[in-house]
Amino acid sequence: MESRATRAALGVWTVLVVLFLWVPLAIILLYAFNPSNIQSWPIQGFTLRWFRVAWHDQEARDALLLSAKAALAATGIALVLGTMAAAAVSRFKFFGREALSFLFILPLALPGVITGIALSSFFSFWGMTFSLWTIVIGHATFCVVIVYNNVIARLRRTSTSLVEASMDLGADGWQTFRFVTFPVLSTALISGALLAFALSFDEVIVTLFTAGAQNTLPIWILGKIRLGQQLPEVNAVVFFVIVLTVIPVVVSQRLTQESGLLRRR
Amino acid sequence: MSVDAARAGRRPTARRRVSAAFWRRPWLRATALLGPAAGAFLFVYVAALGVLLLSAFWALDPFTGQIVHTWSLDNFRILWEEHTYWRIAGRTIGLAAAVTVTDVLLAFPFAYYMARIAGPRTRTLLFVLVLMPLWSSYLARVYSWRLILSKDGALNWWLGRLGLPDQNIAYTNWAVWIVFSYIWLPFMILPVYAALERIPDSFIEASRDLGAKNWTTFKRVVLPLALPGVIAGSIFTFSLTLGDYIAPSLVGNTQFIGNVIYRNVLGLTNNIPFAAAYAMVPLAVMALYLVFARRAGAFESL
Amino acid sequence: MNDALKRGLGAGVLAILAVTLAFAAAGCGGSSDNESSGDKSSLPTSIGTGEGKLSLVAWEGYTQPEWVKPFEKQTGCMVTSKYAGSSDEMVTLMRNGGDQYDMVSASGDASLRLIEGKNVQPMNPALIPDYPNFIEALKSPPHNTVDGKHYGISLQWGPNTLLYNTEKVTPAPTSWESIYDPKYKGGITIPDNAIQIADAALYLSKTKPDLGIEDPYELTQDQFDAAVNLLKQQRPLLKKHWVLASDEIDLFKNGDAVIGASWPYQTNTLAADKVPVKDLIPSEGATGWADTWMLSSKSKHPNCAYMWTKWVSTPKVQAQQAIYFGETPANTKACPIMDQLSPGSCKQYHADAPASYFDSIKFWKTPSADCGNGDDNCMDYNRWQQAWTEIKG
């Protein structure tokens with residue numbers, strides 16, 4: 001539909017945007033090899049020292065593990081609660097539905113600092129010690145919303161007759177879910193879960209308010225940034241995380257693309 | 001599929017009976033589905049927000065550091081009278097608007113290309129390229145902008161090679177604007193892409209058949225259909241900018257709403273009532289924005 | 001869908017909302033958990049077996065692997081550190097931290113707030129073998145000893161210095177005037193800390209004696225306004241307020257700042273990276289800090305805490321930390337070891353200086369309304385913090 005010139009221009013724009021997105025990332029990856037303790041431009045040489053340092057750093061490993069645990073827990077909770085809520089809101093009309101769906105957007109739409117101080121005062125008020133679980137609760141608030149959004153978007157595009165037909169053919173609730181509903185939702189769940197995991201893994205603002213003495217990876221990174229020394233170690237760790245996450249991202253993209261439900265008609 | 005139900009005369013299993021009970025009572029299904037999620041939500045998140053709202057009317061005893069539950073409008077009075085807080089709020093909202101506009105301009109052509117022009121493999125590649133930054137540390141990315149924007153940094157180095165004068169962008173509001181636009185860009189690209197990708201080819205064809213040229217089709221068919229996606233993306237960029245304090249403290253040198261709130265909670269005196277009072281500003285702004293966004297249909301595109 | 005469904009669910013939602021709000025409004029009986037048991041418990045008479053863990057709130061640079069790793073090996077107490085960039089942060093962390101943190105390296109402007117808030121408990125100096133070797137002034141200083149009870153053991157002390165780039169700032173500055181000088185517009189940096197008002201007051205006490213400022217932390221309204229005005233005038237000249245030590249390090253390394261208020265930690269880090277900088281204590285004198293390792297009143301690992309205090313009081317660790325951060329050890333026996341590790345460092349960091357030098361530094365303390373001379377009209381810390389927000393703009 002678009003003219004050749006338009007396509008070319010858009011193509012150029014796309015390349016520029018990709019460059020804009022990736023130049024800072026490239027710098028991060030590059031500076032993992034920086035021999036100097038303090039970061040400055042241009043890079044003064046190359047060394048693999050920081051990868052070794054990061055590998056042996058117990059604090060870094062603990063932080064990475066804690067972040068992964070928190071993200072897994074939050075995503076798990078989000079998958080369950082988010083799907084259930086989406087199913088209820090999209091399939092049933094009830095009083096207060098509009099209000100509830102509005103409320104469900106809040107954790108994403110309100111600035112993290114507000115969620116942070118609200119939860120932090122709330123936890124202190126109930127005398128809860130700040131621990132992994134307070135972190136998970138903090139993350140779960142926005143993770144649930146992400147999954148909810150993805151699932152409800154998918155549910156709105158599938159008809160309810162599928163479920164009815166399944167029941168008519170003799171399947172019970174669980175079988176219907178397993179054989180009919182879940183396959184329809186699967187790619188929405190995958191992309192929702194992936195986004196939720198990514199946001200939880202990298203979350204720093206809410207975590208600062210809901211964590212105790214524990215370090216998630218972002219908090220560990222912030223501590224290292226405070227010190228201002230040995231920063232390339234942070235780059236090495238981020239390098240490692242980026243490399244590790246390429247595969248799941250690519251795989252999930254392939255999965256969601258092939259679903260066929262996303263094709264235009 | 002199971003043939004249980006087809007066995008006439010056989011007593012159904014417990015699972016089937018429960019399942020049937022649920023099927024016949026829709027309200028039970030709805031409650032079971034909604035209960036845990038809504039309950040958790042209301043009892044934790046909404047309750048916490050409610051207490052925050054209430055604590056804006058309390059005060060902090062400077063001596064002991066405890067919150068005193070005396071109702072007063074003191075916090076709001078201080079915020080109203082001291083013009084610094086007005087300036088900070090105005091600066092933050094202005095920046096949020098600027099970042100949103102920038103991101104829309106950057107994201108829209110990109111999302112259009114990705115949704116309607118690129119082939120499947122290119123699309124996967126672009127998707128990965130957009131999502132990967134979300135996976136790499138926000139802190140590390142903000143920090144790397146320091147390297148780019150500082151006086152002896154990458155930007156000036158390249159400008160020098162091109163014979164252009166040095167820029168002094170580091171630690172200014174321009175730097176904060178650039179960094180925010182950079183960091184939130186993927187959050188704008190994704191909903192806009194989703195909205196553009198959903199426009200059926202048949203609409204475009206129909207528009208062509210009715211005699212519209214490319215630009216008219218774009219203006220009158222594509223844009224209105226993509227608008228909810230744009231607004232959905234803008235919810236992210238706006239709210240994320242309103243509350244962020246880390247990027248401004250790393251690459252900027254002025255105070256934003258998030259800085260004031262953070263300083264009053266974790267940085268300075270743990271003066272939660274005052275922080276809560278100031279937090280009403282971004283809360284009110286976002287509430288208004290959300291109402292407007294819902295009217296524009298953005299919620300379907302989140 | 002049927003009406004019963006509509007009504008049932010709607011009522012349910014409303015009910016939940018109502019209950020929630022009722023909770024929020026009515027159940028506001030308490031706030032953060034802040035009681036302690038400090039005063040009642042008696043002091044330990046010996047250090048027991050280590051509990052295996054130790055959680056510290058520390059200034060950047062106070063828990064370097066250089067002396068933490070040998071400690072962990074020797075005692076089995078694994079150390080985790082949470083860094084704070086200002087006394088205010090430390091106070092907040094300790095107030096909210098419950099039993100998560102065992103010790104905090106508090107400066108003089110945090111220690112009294114922690115004592116009053118009952119966040120720290122008294123320690124027994126008899127359990128620290130190096131305690132008798134401390135300089136007299138730091139054995140029982142007023143900022144950590146109240147009513148004869150030692151709420152912590154003094155650690156190190158140091159000045160807030162004037163840092164400058166030797167290549168870009170010539171001739172070498174000798175006065176604090178340089179950081180208020182428009183000549184360096186766009187290249188000055190000062191800490192993002194309300195206590196900076198005291199530095200401005202100190203400068204004014206020498207340059208505008210008719211203001212009558214004696215103690216830069218006890219300021220009447222006029223004196224306070226003068227200091228705040230000076231800082232507001234300085235604001236457009238600043239490149240950045242440094243929040244983290246690494247901010248200032250980056251500023252100097254990357255050419256964004258050429259002069260500023262600093263800690264010796266930054267000077268050492270920059271010099272180690274071959275950046276041409278130097279620091280000094282200008283002619284008007286300097287503010288400074290004196291740090292104490294304090295024990296949390298809710299500490300779960302008191303034995304490890306005492307072991308740590310013992311460890312960092314030994315001459316060797318005192319010397320290591322002093323050289324690393326650029327501060328002055330409390331332990332008089334550290335001087336020869338400092339010269340061993342880095343020749344000339346004992347003198348450089350004033351470890352051998354007479355008591356009069358110590359007395360000349362205006363150490364951080366929390367401003368309060370009590371002016372100390374009978375009057376009650378001085379600005380308290382709340383006013384300082386509010387003014388700081390206004391100064392930063």
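## A walk through chains A, B and C

Among the contacts in chain C between residues at least 6 apart in sequence, 71% join residues at least 24 apart. That is our way into this structure, which is a predicted model. Chain C has 393 residues, and buried residues make up 53% of them. Its secondary structure comes to 14 helices and 15 strands.

Let us look at how chain C is divided. Domain 1 is made of residues 53-157 + 289-360, while domain 2 takes 161-285 + 366-392. Between the C-alpha centres of these two domains of chain C there are 25 Å. Where they meet, domain 1 of chain C brings 12 residues to the contact and domain 2 of chain C brings 11. On the domain 1 side, helix 4 (108-116) and helix 10 (315-325) of chain C each supply at least two residues. Helix 4 of chain C gives the most to that side, with three residues. By residue class, the side of domain 1 of chain C that touches domain 2 of chain C holds three nonpolar, five polar and four charged residues.

Next comes a sheet in chain C. Five strands in the order 10-9-11-8-12 form an open sheet, and their pairing is mixed. Strand 10 (238-242) and strand 12 (277-280) of chain C are the edge strands, each pairing on one side only. From one strand to the next, the twist averages 20 degrees. As a reminder, strands of a sheet pair through backbone hydrogen bonds, either parallel or antiparallel. For strand 9 (residues 188-191) and strand 11 (residues 259-262) of chain C, the sense is parallel, over two bridges. To find this pairing on your screen, start from C:Ile188, whose bridge partner in strand 11 of chain C is C:Ile259.

Helices pack against these strands too. Helix 7 (residues 245-253) of chain C packs on the sheet and touches strand 8 (161-165), strand 9, strand 10, strand 11 and strand 12 of chain C. The direction of helix 7 makes about 150 degrees with that of strand 10 of chain C. Helix 8 (residues 264-272) of chain C lies across strand 8, strand 11 and strand 12 of chain C. Relative to strand 12 of chain C, helix 8 runs at about 160 degrees.

Now let us move to chain B. Its domain assignment gives domain 1 (4-39) and domain 2 (73-301), and the C-alpha centres of these two domains of chain B lie 45 Å apart. One residue to pick out is B:Val179, which sits in helix 8 (residues 173-197) of chain B. Why does B:Val179 count as buried? It does so because it has 26 C-beta neighbours inside 10 Å, where 20 or more are enough for a residue to be buried. Leaving out residues up to four places away in sequence, B:Val179 touches B:Val142, B:Trp145, B:Ala247 and B:Val251. B:Trp145 is 34 residues from B:Val179 along the chain, yet their C-alpha atoms are separated by 7.1 Å.

Finally, chain B has a partner in chain A. The contact involves 81 residues of chain A and 90 residues of chain B. On the chain A side, helix 1 (residues 4-31) of chain A gives the most, with 14 residues. The residues on the side of chain A that touches chain B divide into 58 nonpolar, 16 polar and seven charged.

Notes. Residues numbered from 1 in each chain as written. Chains lettered and ligands numbered in written order. Predicted model: local features only at pLDDT ≥ 70, side-chain atom pairs only at ≥ 80, totals over all residues. Contact = placed C-beta atoms within 7 Å. Helix = DSSP H or I, 4+ residues; strand = E, 2+ residues; numbered from the N terminus. Nonpolar A, V, L, I, M, F, W, Y, C, P; charged D, E, K, R; others polar. Domains from an automatic or database assignment. Pairing = 2+ DSSP bridges. Axes fitted to C-alpha atoms, helices over the stretch in contact; angles between N-to-C directions. Buried ≥ 20, exposed ≤ 12 C-beta atoms within 10 Å, placed from the backbone.
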